[in-house]
Amino acid sequence: MSKRNEQKREERSAYLFLAPYLILFLAFIVIPVGFAMMLSFTDFDSVNFPAWVGLKNYITLFTSDAVFMQYVVPNTLKFSLIAGPLGYILSFIMAWMLAQIPKRSRTVLALILYSPSMTSGVAMTVIWKVLFNGDQTGYLNSLLLNWGLIREPVQWLQSTEWLMPVMILVTLWSSMGVGFLSMLAGILNINPELYEAGYIDGVKNRFQEIVHITIPSLKPQMLFGAVMAVVNTFQAGAIGVTLAGSNPTPQYAGQLVLNHIEDYGFLRYEMGYASAISVVLLIFIAVCSKGVFKLFGDSD
Amino acid sequence: MASIQGKKMNPTRFHPSQIKFYAILIPMAILTGLPIVFIFSQALKPVNELYLYPPRFFVSNPSLTSFRKLVETMNSSDVPIYRYFFNSIMSTLLTVLCTVAITAFAGYALAKKKFRAKNLIFSINTMALMFVGAAVKIPKYLIVYETGLIDRFAVHVIPALAMPVGLFLVKQFMDQIPDELLEAAKIDGATDWYTFRKIVVPLSKSSLATVVILTFQTAWNTIEASELYLNHDNLKTFAYYMSTLTTTGNDVAGIGMAAAATLIMFIPNLIIFIVMQNNVMSTMAHSGIK
């Protein structure tokens, strides 16, 4: 058999193995994204055929959608800039500490820290609603009243002031997911000789050790973890609506981009406009991830 | 001094210097674990304890009242309780099996085959790691509609099968399999399919197990298909039924039932993860993005 034929056969078999994944990947991930882009330039009410309107949806979104500019964008920025990095740093610190205790206790503690990732957001709402209930029968209120820290029960989930902090707290609670496991495994696999060499080369304390040895050796896992953190943060973002029990959330206090999309897409049936918001969100996520790649990618 | 420092990672036994880590890790684990413990406690509370004021975190007389109530309520609806469970179990099983299969195929091609678009496909997949599905619900609905999947059971499975994270982890793991091994098999006359089944799959078991866990978690918890693509209640899943409890069940009995349902949702995830957690850790060792 000639070499070329061999190569051809190899290609064909590769594509055969790839085909099922590739078809489904295209159909349910790539095409929807392309579709969203196309729809974003149209007026579409889900009944009539989409009508081309050019940039109108984007112009409306950025110039006359008061809710979007006043609440949704600031909320999303606040939520993602706090919950994302904080959850990520927390995962790293927890992984770093776990790597320094013996295996048995490490496994148990890591399992507990990971366990929130096994719950579903919707199912947990039941639990949060009881814990953060707004009258004195709520567990948190009852506890704080008992300790004398507050005088009246706080409306955790209905107040404009507290909904966002609760959302961030709940997101942080479940931030130790796949990225956390990846970083933990990564730290455990760093070659011990690297540490010895580092100390000979003048690393003086644990902090320098993290900066000069742990983080550089862990870059690939840290990048993976960071990408996962970005995605989780935006996915968890819809939580305000389930917690408050209404879309829009009370005075838009917990309204994030995902909720805004749902509001327009599934409650008002303005699908074209909702798609424009989707595109803006996807671009925003891509920009965040790009930043993350810059931070941890092959810069050295 | 220097050599002692390096041995601090992955220690084999307890040493007093580790106390400071425990001092932070244990409180963190307790804080994280409390809501989980609360699911158990709340689900097992008899009605009078759900009413209790001031509320008590831990159950004192555990009972199965809430579970019984849940079964009763579900039975009084149009769809019998076993139907929801059957749908959940079938859709989860099918999703897990098919995802593992197509991910293993694709991972093998991307890790071990030589073809032109290989790097391009892998980097597109890496980009898709940041894909947030909820953002494109509308166009996805249109595609599901066009493919004729609306109101068919398969809609639980087919749109969920391509999982970029899964492929990413499996491909990275399969990269570790030495090429010589596959070459040797080829020289011995093994077909591609044989090599895949007898060498590649057995050697990538941990990464495939990790895909099982991740897919199971999503498939078991998701309500997307039931909520958006299915109109008949007898095609919907338990996860969906449970989500309707969170919106309607605001009375005290409803809270108990919802907690019981939450517990039922959580337990299978926990068991699967505990059984397979060793595989996860060895997969994650190769999870870096290079």
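**Contacts between and within the chains**

In this predicted model, the contact between the two chains draws on 85 residues of chain B and 84 residues of chain A. On the side of chain B that touches chain A, eight helices are worth finding in the structure, since each of them supplies at least two residues: α1 (2-6), α2 (19-43), α5 (81-112), α7 (137-146), α8 (164-174), α11 (205-221), α13 (238-248) and α14 (252-284). A good place to begin looking is α14(B), which makes the largest contribution to this side, with 14 residues. In terms of residue character, the side of chain B that faces this contact holds 57 nonpolar, 19 polar and 9 charged residues.

Attention can now turn to chain B on its own. Its domain assignment gives domain 1, covering 18-63, and domain 2, covering 78-284. The centres of these two domains of chain B, taken over C-alpha atoms, are separated by 31 Å. The domains also touch: 8 residues from domain 1 of chain B and 9 residues from domain 2 of chain B take part in the contact.

Which elements give two or more residues to the side of domain 1 of chain B that touches domain 2 of chain B? They are α2 and α3 (47-51) of chain B. The largest share of this side, 4 residues, belongs to α2(B). Helix α2 of chain B is thus a helix to follow twice, as it also supplies at least two residues to the side of chain B that touches chain A. Sorted by character, the domain 1 side of the contact within chain B comprises 6 nonpolar residues, 1 polar residue and 1 charged residue.

Terms used
Residues numbered from 1 in each chain as written. Chains lettered and ligands numbered in written order. Predicted model: local features only at pLDDT ≥ 70, side-chain atom pairs only at ≥ 80, totals over all residues. Contact = placed C-beta atoms within 7 Å. Nonpolar A, V, L, I, M, F, W, Y, C, P; charged D, E, K, R; others polar. Domains from an automatic or database assignment.
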